[in-house]
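Student: I would like a close look at one part of this model, with its surroundings worked in as you go. Could you take me through it in one connected account?

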Amino acid sequence: MMTYQDQGPGLLSLYGRALLPKRRTGSVDAGRIPQLEAEIIGMQTDTPDLYRYSKLCGFAARTSVPVTWPHILAFPLHLKLLTNPAFLLPLLGLVHLRNEITQYRPIGVGERLNLTVRLGNEAETDRGLEFDLIAEARAGGKLVWQEASTTLHRRSGSAQKKKTGRPSLEQWPNTIEVKAPGSIGRQYGRLSGDMNPIHMHALTARAFGFPRAIAHGMWSKARCLALLSQQEDWRSGAVTIGCDFKKPFFLPGTGLLNWKENGKYWDYQLLNSKGDAPHLTGFVRWQ
């Protein structure tokens with residue numbers, strides 16, 4: 001267990017490690033995800049970036065922090081684990097597949113949290129090796145928030161999905177337009193610490209096979225939740241919010257947040273501007 005007091009590790013040195021090739025002591029394909037864990041004791045929730053984050057994602061001002069905010073607080077621990085010498089997989093090229101957050105109660109602005117992040121849930125799939133970054137936040141010794149971010153490392157020789165005809169996409173009754181300016185990747189990257197080149201600029205994105213920079217998946221999720229949480233029937237209390245990341249959201253771009261409400265269970269999707277392909281699909285489930 002790596003322990004930090006009040007704040008996480010500095011990101012500058014970790015960025016350098018992230019860009020360097022991994023020093024292999026054996027075959028990556030034969031290795032397993034190491035059992036690594038790190039924590040921050042007494043992390044303040046109202047850091048100087050909280051207001052800027054809320055504004056960037058569109059969250060209304062409240063006495064509680066956005067449900068996605070602890071993900072930002074925990075990100076330095078994510079990077080610390082992924083740059084550990086025992087973690088043999090290269091960071092560049094990892095694919096964020098899914099994210100699921102459970103918040104057991106609203107977290108107040110100014111609360112102090114104990115944050116932990118660990119690696120786990122390793123699974124071989126037809127696309128490669130999947131694993132989770134599992135984050136937990138505790139206040140007064142009680143679990144108040146947890147998250148699983150599922151990530152894919154494509155194995156050499158992994159089966160590729162065959163392209164088939166586009167499946168029919170269900171359209172739901174509520175829709176709001178979502179604008180993503182060309183600079184949103186750089187703005188969110190500076191706030192979150194996630195400076196992956198595919199989000200920063202068209203030139204750096206092209207080096208990884210993308211025609212333009214793409215929005216961070218967690219910005220897209222946060223933007224959707226900011227809009228959903230302003231709806232009249234949005235509830236308070238314990239909630240689980242999940243999503244699967246689908247097609248890249250190229251910058252600058254326009255998407256369509258489309259959702260349906262069914263009491264304690266909502267479905268939502270962020271579609272392209274034509275409304276015929278998803279950038280992400282997800283659910284909100286109150287407990």
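In which strand does Asn121 lie?

Tutor: Happy to. Asn121 lies in strand β4. Keep in mind throughout that this is a predicted model. Asn121 is worth a pause for its backbone: its phi is positive, about 55 degrees, although the residue is not a glycine. Most residues other than glycine have a negative phi. At 52% relative accessibility, Asn121 counts as exposed, because the cut-off for that class is over 50%.

Now let us step back to the sheet that holds β4. Eleven strands make up this open sheet, running in the order β1-β2-β4-β5-β6-β3-β8-β11-β10-β9-β7, with mixed pairing. In that order β4 stands between β2 and β5. At the edges are β1 (2-5) and β7 (174-180), each of which pairs on one side only. On average, neighbouring strands are turned by 15 degrees against each other, with direction ignored.

Let us start from the β1 edge. β1 and β2 (residues 37-44) run parallel and are joined by four bridges. Here Met2 stands opposite Ala38 of β2. Helix α3 packs on the sheet and touches β1, β2, β4 (112-125), β5 (128-139) and β6 (142-153). The direction of α3 makes about 55 degrees with that of β4. Leaving β1 towards α1 (11-19), you meet Asp6 in the loop between the two. Like Asn121, Asp6 has a positive phi without being a glycine; its value is near 75 degrees. Asp6 counts as partly exposed, at 39% relative accessibility.

The loop between β2 and α2 holds Thr45. With a relative accessibility of 1%, Thr45 counts as buried. Leaving aside residues up to four places away in sequence, the contacts of Thr45 include Leu50, Val65, Trp69, Leu73 and Leu113. Of these, Leu50 belongs to α2 (residues 49-57), where Leu50, Tyr53, Ser54, Leu56 and Cys57 are buried. Those five span an arc of only 165 degrees around the axis, which puts them on the same side of α2. Tyr51 and Lys55, on the other side of the helix, are exposed. The buried residues of α2 pack against α3 (69-82), α4 (184-192) and α7 (217-228). Just past the end of α2, Gly58 takes a positive phi of about 90 degrees.

This brings us to the interior. The largest nonpolar core has 72 residues, and those touching the most other members are Tyr53, Phe87, Leu119, Trp219 and Tyr268. Helix α3 gives the largest share of this core, nine residues. In soluble globular proteins, nonpolar side chains tend to be buried together.

What about the cysteines? The structure has zero disulfides. Cys57 is in none, and the nearest cysteine sulfur, that of Cys224, is 11 Å away. Cys243 is in none either; here the nearest cysteine sulfur is again that of Cys224, 8.1 Å away. Cys57 counts as buried at 0% relative accessibility, and Cys243 counts as buried at 3%.

Finally, let us visit β10 (residues 265-271), further along the sheet order. Six of its seven residues are buried, so β10 is largely enclosed by the rest of the structure. On one side, β9 (residues 253-262) pairs with β10 in the antiparallel sense over seven bridges, and Glu261 has Trp266 of β10 as its bridge partner. Two residues separate these strands in their hairpin, where Gly263 takes a positive phi near 65 degrees. β10 also pairs with β11 (residues 278-286), antiparallel and over seven bridges, and Leu270 stands opposite Leu280 of β11. This hairpin has six residues between the strands, and Gly275 takes a positive phi near 75 degrees.

Within β10 sits Asp267. The C-alpha atoms of Asp267 and Trp172 are 8.7 Å apart, although 95 residues separate the two along the chain. Asp267 touches Trp172, Asn258, Trp259, Lys260, Gly282 and Phe283, not counting residues up to four places away in sequence. One last stop is the loop between β8 (239-245) and β9, which holds Pro252. A cis peptide bond joins Leu251 to Pro252, with omega about -10 degrees. Most peptide bonds are trans.

Methods
Residues numbered from 1 in each chain as written. Predicted model: local features only at pLDDT ≥ 70, side-chain atom pairs only at ≥ 80, totals over all residues. Heavy atoms only, no water. Buried < 20%, exposed > 50% of the residue type's maximum accessible area, 1.4 Å probe, protein only. Arc of directions from axis to C-beta. Contact = heavy atoms within 4.5 Å. Core = buried A, V, L, I, M, F, W, Y, C linked by side-chain atoms within 4.5 Å. Disulfide = S-S within 2.5 Å. Pairing = 2+ DSSP bridges. Axes fitted to C-alpha atoms, helices over the stretch in contact; angles between N-to-C directions.
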